[in-house]
Amino acid sequence: MPVLRSPSVPRPLTALAAALLAALSLTLPLSPAHAAGFPARGSAHMGMGVLAHDGRHGSPAPTAVTQTEGVDVSAYQGNVAWSTLWSSGVKWAYTKATEGTYYTNPYFAQQYNGSYNVGMIRAAYHFATPDTTSGATQADYFVDHGGGWSKDGKTLPGTLDIEWNPYGAACYGKSTGAMVSWIADFLDRYKARTGRDAVIYTATSWWSQCTGDYGGFASDNPLWIARYASDAGTLPSGWSFYTMWQYTSSGPTVGDHDKFNGALDRVVALANG
């Protein structure tokens with residue numbers, strides 16, 4: 001008696017289907033972060049590349065100049081214990097507001113308002129990604145998402161965090177001239193929107209490599225230098241002094257600690273413009 005069998009795909013067709021599926025899988029795009037092992041977009045924070053590129057060379061040496069302790073925070077720190085920081089002597093704080101035109105810090109309200117509520121002078125910073133959109137477009141995004149300024153004596157001007165690209169080539173694929181133009185585009189739009197000159201956060205080694213050690217911003221834009229050492233070291237061209245110095249990523253309560261180059265009244269003066 002005949003036996004009924006379920007229909008089957010001929011072996012040549014089965015092999016062909018498997019080959020097609022394999023070929024398709026090779027054409028599906030991987031995200032740059034997944035493909036190259038880079039961190040996820042949005043996860044960058046101030047000083048992210050300092051240890052990897054410049055290393056750590058001691059702690060700040062005593063100085064006769066009065067300096068005022070500060071911190072910088074991002075989503076990396078989550079909800080911050082502001083009262084603990086205030087009690088330890090921290091008087092000012094910067095919070096990451098934005099990155100590129102695709103990210104806003106989900107902890108921004110707790111961090112930005114929390115520092116203000118305990119008595120600190122506060123402000124926001126923008127992590128620049130010059131390979132994604134123009135400087136002016138990112139300045140608008142920053143101002144529209146927490147990076148503005150008000151003359152209340154408690155709000156410092158916004159900071160442009162311009163440093164090593166954590167997602168690819170250090171200089172974001174730009175020539176030194178193109179990088180200078182991008183930074184100028186951001187700074188011009190920020191001032192047009194807020195009336196203030198933004199602070200520039202950077203490291204001397206990155207600035208030298210990626211802007212050709214351009215000195216044209218020094219007359220208007222305060223410098224926030226990144227260097228984990230006993231002193232701030234050689235500054236980028238044009239600046240004879242720093243306004244702020246990020247000196248460690250391993251401080252108490254919050255890792256990223258900074259010094260303002262002056263007493264608290266100078267911090268207030270910068271806030272007031």
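**Figure 1. Packing of helix H7 with helix H8 in the predicted model.** H7 and H8 pack with their axes 7 Å apart and at an angle of about 115°. The two helices are therefore roughly perpendicular to each other. On the H7 side, the contact is made by Thr 176, Met 179, Val 180 and Ile 183. These residues meet Trp 206, Trp 207, Gln 209, Cys 210 and Thr 211 in H8. By class, the contact of H7 with H8 has 6 nonpolar and 3 polar residues, and no charged ones.

**Figure 2. The buried residues of helix H8.** Helix H8 spans residues 204-211, and its buried residues are Trp 206, Trp 207, Cys 210 and Thr 211. Seen down the axis of H8, the buried residues fall within an arc of 100°, so they line one face of the helix. An α-helix has 3.6 residues a turn, so residues three or four places apart point the same way. H7 and strand E7 (199-202) are among the elements that cover the buried residues of H8. Gly 212 follows H8 and has a positive phi, near 70°.

**Figure 3. Crossing of helix H6 with helix H7.** H6 covers residues 135-147 and H7 covers residues 176-194. Their axes come within 7 Å and cross at roughly 40°. That angle makes H6 oblique to H7. The crossing of the two helices is right-handed. From H6, the contact is made by Gly 135, Ala 136, Gln 138, Ala 139, Asp 140, Phe 142, Val 143, Asp 144 and Gly 147. From H7, Trp 182, Asp 185, Phe 186, Arg 189, Tyr 190, Arg 193 and Thr 194 take part. The residues of this contact divide into 7 nonpolar, 4 polar and 5 charged.

**Figure 4. Helix H9 and the strands that its buried residues pack against.** Within H9 (residues 264-272), Val 267, Leu 270 and Ala 271 are buried. They cover an arc of only 105° around the axis, which puts them on the same side of H9. The buried residues of H9 pack against strand E2 (68-73), strand E3 (92-99) and strand E5 (121-127). They also pack against strand E10 (244-248) and strand E11 (257-260).

**Figure 5. Gly 273, in the segment after H9.** Gly 273 comes just after H9 and takes a positive phi of about 75°. Is this residue, Gly 273, buried or exposed? Gly 273 is exposed, with a relative accessible area of 77%. Gly 273 and Ser 150 are 123 residues apart along the chain, and their C-alpha atoms are separated by 9.8 Å.

**Figure 6. Surroundings of Pro 157, in the loop between H6 and E6.** Pro 157 is buried, and its relative accessible area is 0%. Leaving aside residues up to four places away in sequence, Pro 157 touches Tyr 94, Ala 123, Trp 149, Tyr 190, Arg 196, Asp 197, Val 199 and Leu 270. One of these residues, Tyr 190, also belongs to the H7 side of the contact with H6. Another, Leu 270, is one of the buried residues of H9. The C-alpha atoms of Pro 157 and Ala 124 are separated by 7.8 Å, and these residues lie 33 apart along the chain.

**Figure 7. Tyr 172 and Thr 253, two loop residues with positive phi.** Tyr 172 sits in the loop between strand E6 (159-161) and H7. Its phi is near 60°, a positive value in a residue other than glycine. Tyr 172 is buried, with a relative accessible area of 6%; the cut-off for buried is under 20%. Thr 253 is placed in the loop between E10 and E11. Phi of Thr 253 is near 65°, again positive in a residue other than glycine.

**Figure 8. The chain as a whole, for placing the close-up views.** The chain has 9 helices and 11 strands. Of its 273 residues, 45% are buried. Among contacts between residues at least 6 apart in sequence, 69% join residues at least 24 apart.

Definitions and conventions:
Residues are numbered from 1 along each chain as its sequence is written. This is a predicted model: local features need pLDDT of at least 70, side-chain atom pairs count only at pLDDT 80 or more; totals for chains, interfaces and linings use all residues. Side-chain values use heavy atoms; hydrogens and water are left out. Axes are lines fitted to C-alpha atoms, for helices over the stretch in contact, and angles run from 0 to 180 degrees between N-to-C directions. Helices (H or I, at least four residues) and strands (E, at least two) are DSSP runs, numbered from the N terminus. Angles under 35 degrees count as roughly parallel, over 145 as roughly antiparallel, 65 to 115 as roughly perpendicular and the rest as oblique. A crossing is left-handed if the near helix is turned anticlockwise from the far one by less than a right angle, and right-handed if clockwise. Contact means heavy atoms within 4.5 Å. Ala, Val, Leu, Ile, Met, Phe, Trp, Tyr, Cys and Pro count as nonpolar, Asp, Glu, Lys and Arg as charged, and the others, Gly among them, as polar. Buried means under 20% relative accessible area, exposed over 50%, partly exposed in between (1.4 Å probe, protein chains only). The arc is that of the directions from the helix axis to the C-beta atoms.
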